[in-house]
Amino acid sequence: MKPCSRILNGYKNSSFLARCHHTLAMANPFSLNLDHIHNSCIHHNPFGLLNNGCHKVFGLPSSKVVASTRRAKGDDGVSAITGGVSFKAREFSNFIETHVNDNNVERVYVKGGMNVKPIVVERVDKDESNNVEGEEEESSRLEGGEEDGKVENSGDLENVSCCEAMNKDEEETEVEKEAWKLLQEALVTYCDTPVGTVAANHSGGRQQQQPLNYDQVFIRDFIPSALAFLLKGEHEIVKNFLLRTLQLQSWEKTVDCHSPGQGLMPASFKVETIKVDEENRKEVLNPDFGESAIGRVAPVDSGLWWIILLRAYGKLSGDYSLQERVDVQTGLKMILNLCLIDGFDMFPSLLVTDGSCMIDRRMGIHGHPLEIQALFYSALRCARELLVVDEKSRTLYGEVINRLSSLSFHIREYYWLDKKKVNEIYRYKTEEYSLEATNKFNIYPEQIPMWLMDWIPEDGGYFIGNLQPAHMDFRFFMLGNLWSIVSCLGTPRQNEAILNLIELKWDDLVGNMPLKICYPALEQDEWRIITGSDPKNTPWSYHNGGSWPTLLWQFTLACIKMGRTELAQKAVTLAEQRLPHDSWPEYYDTRTGRFIGKQARYYQTWTLAGFLASKMLLKNPELAYLLRWDEDYEILETCVCMLSKNSGRAKCSRNAAKSQILV
């Protein structure tokens with residue numbers, strides 16, 4: 001039977017709904033356990049409506065457009081808040097809800113027909129009894145992780161309320177107040193609830209460039225904003241963001257090269273208003289999976305950041321019920337399955353193409369860039385904590401553990417570079433064919449650039465940018481190295497050496513504005529060949545050696561973890577002196593970061609948020625311990641490279657790996 005593509009509103013034939021429920025539940029590829037859901041049901045419902053007591057389940061689209069009907073309020077295509085500083089996210093509703101018409105039936109507009117994804121929407125009708133209202137109030141309180149208005153305190157740092165910790169804050173400076181005001185003005189609402197922040201607020205007086213996609217909500221860009229809101233005690237906007245982006249996740253597996261793969265999270269989404277008639281308008285969420293992006297590259301890091309934010313939300317809000325929801329667990333598993341899928345690659349690192357991460361243009365990072373590997377490792381460690389392990393997810397959980405072990409060993413052993421390792425590569429023999437070969441990737445010593453020979457310090461080191469057969473990218477990439485510290489991808493000795501390198505090479509990596517996205521820049525013929533003569537990535541600009549203030553919060557988090565708070569304070573003080581005067585630009589140009597980027601947007605949201613998050617982490621360093629990871633000895637004990645003696649292959653040395661944890 002071919003399903004009808006029309007949207008059914010208010011269908012009340014109970015026998016039809018019962019048949020629909022049974023048929024679609026049987027067809028659900030994830031076989032969700034309905035016994036764990038209280039007074040509600042979840043399934044892949046193409047008609048978008050089931051009625052079960054006082055709860056309703058609506059199927060909303062995944063990779064297409066989500067919409068709800070509302071009264072006309074204007075002709076603006078984007079619903080953004082531009083009010084004063086008095087706005088607070090908590091003033092909005094506490095849960096994502098879409099509007100309901102007079103007949104108490106929700107209208108769902110689906111662009112593209114039947115491509116829909118399940119989501120739980122809980123609501124109590126107005127005419128319900130007081131008894132039901134009492135049950136709903138109790139359920140809401142439990143969902144928020146509260147019991148009788150109190151948070152259980154077991155003495156762990158994880159149970160410390162952010163609001164309680166923030167009570168120790170010093171009075172906010174004028175710069176911080178300005179940053180908060182601008183961040184609040186960048187908030188975007190959908191159905192009268194905040195769901196994110198625009199990449200750059202174009203209402204600023206100095207903003208003259210075309211909006212392009214800077215008026216959209218990026219998953220990558222929203223992470224520092226989410227962290228700032230969580231540290232401030234504004235949890236609901238982050239919860240709304242996590243659930244709305246989960247709805248947009250690609251649901252159908254396709255073979256069309258211009259359609260997203262199953263489980264892919266969008267790079268960004270935009271809230272648009274569509275005119276229905278003279279009286280009504282529809283708000284729609286229009287996601288971008290890369291089909292509209294420059295270069296048409298799918299975002300690999302969006303799903304990884306989403307998992308990391310899901311963990312951070314639970315740690316800082318105390319609400320762990322969100323990560324236990326069936327739809328959230330399903331989305332988490334889809335991301336993991338997409339990343340852990342078998343392919344032709346021999347390495348445990350994640351194979352991606354150019355432009356798939358923060359460096360979203362051609363910059364020679366195709367293959368196994370460090371940034372993706374550090375985020376991949378972090379997402380796997382998050383998944384290890386977040387996954388609800390049962391009979392159906394036990395295999396996936398085992399794959400996560402195995403990949404963590406092999407990826408940790410691979411990065412620590414083959415990506416690490418210090419003076420000793422440079423000298424080792426300098427003396428490499430090539431064309432080695434054996435299982436015991438030293439030069440496993442056939443690296444030719446002539447690849448070592450001359451700048452590195454004089455630049456590498458005695459007491460510092462870092463993880464190289466990329467590793468492939470016969471190719472090592474010796475450039476220093478800031479985000480990958482900082483996140484390796486935060487996630488403990490590197491050993492304690494390596495993490496300390498990275499910060500030593502940044503301190504010793506402060507003028508090169510920080511200069512007048514923290515922090516360099518990579519060092520050194522590609523110049524002359526190398527720039528033309530690798531970037532395709534990209535006019536935005538000219539030497540020492542944008543991704544090609546530009547300075548990005550948003551990296552402050554990750555630098556601060558890494559410094560607090562390693563007990564080097566003075567370095568973070570020095571960088572934040574430097575940024576605080578310039579950012580407000582320069583109208584919070586996106587990035588800075590030149591070798592030392594003296595000038596505002598030639599195409600940088602003003603009032604860049606993640607510049608604001610990165611500064612605010614850094615300030616709050618420095619004032620409350622105990623909260624930073626909830627966001628970072630420590631060395632995991634179980635990962636070191638699990639040696640997935642151990643092969644049987646009958647195979648004749650060499651074994652990995654667990655003792656060698658474990659010896660690296662000693663500082």
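What share of the contacts between residues at least 6 apart in sequence join residues at least 24 apart? I looked this up for the chain and found 73%. I note here that the model is predicted.

**Entry 1: the whole chain**

I began with the overall counts. The chain has 663 residues, and 56% of them count as buried. I then listed the secondary structure and found 23 helices and 16 strands.

**Entry 2: the nonpolar core**

I looked for the largest nonpolar core and found one of 161 residues. Inside this core, the residues with the most contacts are L336, Y462, W483, I502 and F555. I asked which helix gives the most to this core. That is α10, residues 370-386, with eleven residues.

I picked W483 for a further look. Leaving out residues up to four places away in sequence, I found W483 touching W305, I308, A374, L375, S378, W553, Q554, L557 and W629.

**Entry 3: helices α14 and α15**

Next I took up a pair of helices. Two packed helices are described by the angle between their axes and the distance between the axes. For α14 (residues 478-487) and α15 (residues 492-504), I read that the axes come within 9 Å and cross at roughly 140°. Why do α14 and α15 count as oblique to each other? An angle over 145 degrees would count as roughly antiparallel and one of 65 to 115 as roughly perpendicular, so the crossing at roughly 140° falls in the oblique class. I also noted the hand of the crossing, which is left-handed.

I wrote down the residues that make the contact. From α14 they are M478, N481, L482, S484 and I485. From α15 they are N495, I498, L499 and I502. I sorted the contact by class and got six nonpolar, three polar and no charged residues. I502 of α15 appears here, and I had already listed I502 among the residues with the most contacts in the core.

**Entry 4: V422**

I moved to helix α12, residues 419-426, where V422 has its place. Is V422 buried or exposed? Its relative accessibility is 7%, and buried means under 20%, so V422 counts as buried. Leaving aside neighbours within four places in sequence, I found V422 in contact with L417, I448, L452 and M453. I checked one of these partners, I448, by distance: the C-alpha atoms of V422 and I448 are separated by 8.0 Å, with their positions 26 residues apart along the chain.

**Entry 5: two cis peptide bonds**

I searched the backbone for cis peptide bonds. One joins P514 and L515, with omega about -5°. L515 is in the loop between α16 (506-509) and β14 (518-519). Another runs from Y519 to P520, and its omega is near -5°. P520 is found in the loop between β14 and α17 (524-531).

**Entry 6: positive phi values**

I then looked at phi. Q524, a residue other than glycine, has a positive phi near 50°. The place of Q524 is in helix α17. With a relative accessible area of 64%, Q524 is exposed, because exposed means over 50%.

Y542 is also not a glycine, and its phi is positive, near 50°. Y542 lies in the loop between α17 and α18. Its relative accessibility is 5%, so I recorded Y542 as buried.

**Entry 7: S533**

In the loop between α17 and α18 I also looked up S533. At 35% relative accessible area, S533 is partly exposed. Not counting residues up to four places away in sequence, S533 touches W527 and R528. I checked S533 against R362, which is 171 residues away along the chain, and read 9.7 Å between their C-alpha atoms.

**Entry 8: helix α18**

Last, I turned to α18, residues 552-561. How many of the ten residues of α18 are buried? The count is ten of the ten, so I noted this helix as largely enclosed by the rest of the structure. The buried residues include W553, Q554 and L557, which I had met as partners of W483. F555 is buried too, and it is one of the core residues with the most contacts. K561 is on the buried list as well. Just after α18, I found G563 with a positive phi of about 70°.

Key
Residues numbered from 1 in each chain as written. Predicted model: local features only at pLDDT ≥ 70, side-chain atom pairs only at ≥ 80, totals over all residues. Heavy atoms only, no water. Core = buried A, V, L, I, M, F, W, Y, C linked by side-chain atoms within 4.5 Å. Buried < 20%, exposed > 50% of the residue type's maximum accessible area, 1.4 Å probe, protein only. Helix = DSSP H or I, 4+ residues; strand = E, 2+ residues; numbered from the N terminus. Contact = heavy atoms within 4.5 Å. Axes fitted to C-alpha atoms, helices over the stretch in contact; angles between N-to-C directions. Left-handed = near helix turned anticlockwise from the far one by under 90°. Nonpolar A, V, L, I, M, F, W, Y, C, P; charged D, E, K, R; others polar.
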